[in-house]
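User: I am new to this structure and would like a close look at just one part of it. Could you walk me through it in plain steps?
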Amino acid sequence: MNQEDTTKARELIEQSSSFGLLLPEQPDFDILASAEALGSVLMGDQKVVGLLSPAVLPADTDKTTFPRLTGPTPLLKEFIISVDTSHTPVAQLRYEKPENRIDIILTPKLAPLGQEAISFHEGTIRCDVLVAIGVSDVEHLSNMADFPPEFFTENKLINIDIGETNSRYGEANYVDPSQASRSELVYHLLASRPGFSLPPHMGTLLLAGILSATHELTSATTSADTFTAIAELIRLGGNHIEAQQLIRQRQQAQAQQPLMLLQLFARASVRSKHDEDQSILWSFLTTEDFTKTNRTPEDVPAVLEYVRVALPKSLVTVLIWQDPAAAASIHVLLSGDQAILDAIASKEDAEQISHGIRLRATFTSFRDAEESVHLLIRTAL
């Protein structure tokens, strides 16, 4: 990581008093833990932290585990007083500041100015710094958020991520692909602050984020630095047993899904095969699977997460699915080893999703998709 970016990120945090958090549309547990811990520590320093749209937190997000994200502090917005001057032009505008109030004084030009010509509405959110966690490029932000593109270029932005494909769009790019998780990265950022301290329950949450991202330390991205971060978090009061319990609770909550969604999971399981030589798990969903279970492509990321966790552990999990609205359109999602996903995303047009990537290219048949993806994975290995 560029030391200049590290210093810049730390300076922006110390010099700012209000922060807007930007997360992917479908943040995974690691990203949620990172955002919650960062927000909690900053709010403990009397800073204002708010969650900006469009992140949709999973329905099973526990309010006691993620109080800052599930009940965020509203960020300040501009308050705009509008005057209709089409019939009553204004000759002069000034303001005075008597004790405990501000008087805005409008001098009409041609006709009396009445209340009917005045309206009020909210303007742009105001914050000192935007903090994006786990978002690979600013175009993805501008496409998914209810803000104009200039909102992300005119505001100072700290970009926190571990992906090789991150486009480093921030004023400070705290991006390190050598880290196994965003939680690990956020811990190092917080630890670099003067007078650093971490509440024990936040240490536990960051531990859980690391365990989730590394599949409980079985991922190839797990390094000696990961174990060092875990040891330091435990020394600061993080509880390894409670962190594991948080992961188990999340997995149990995800298992308690609507019956028809469970049926879709089952269909993907039946249509799965394991390539032991390449350590690739292949799962498939057809148009019939969606129609028989009355589910939609919106459930596909949940299916990928299910097969990733429930079926044999593999270096890469591939979900190939047929669009029920266009049977000739075959799509691909991949999860697994981050280095492999990054290598594929660096050569193919792909977008990040929870626990993986989605290829933007489509295929005309399952066989075509499988052969093409197999080649991508072999090349990345």
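Which elements do the buried residues of α10 pack against?

Analyst: Happy to help! This is a predicted model, where local features need pLDDT of at least 70 and side-chain atom pairs count only at pLDDT 80 or more, while totals for chains, interfaces and linings use all residues. Residues are numbered from 1 along each chain as its sequence is written, and side-chain values use heavy atoms, leaving out hydrogens and water.

Helix α10 covers residues 259-270 (helices are DSSP runs of H or I with at least four residues, strands are runs of E with at least two, numbered from the N terminus). Its 12 residues reach 16 Å from first C-alpha to last, close to the expected 16 Å (1.5 Å times one less than the number of residues).

Four of its residues, L261, L264, F265 and A268, are buried (under 20% relative accessible area with a 1.4 Å probe, protein chains only; exposed is over 50%, partly exposed in between). They sit on the same side of α10 because they cover an arc of only 100° around the axis (taken from the directions from the axis to the C-beta atoms). An α-helix has 3.6 residues a turn, so residues three or four places apart point the same way.

Now to your question: the buried residues of α10 pack against two strands, β10 (272-275) and β11 (280-285), and two helices, α11 (287-293) and α12 (300-310); contact here means heavy atoms within 4.5 Å. On the face turned away from that buried side, α10 carries the exposed residues L259 and V270.
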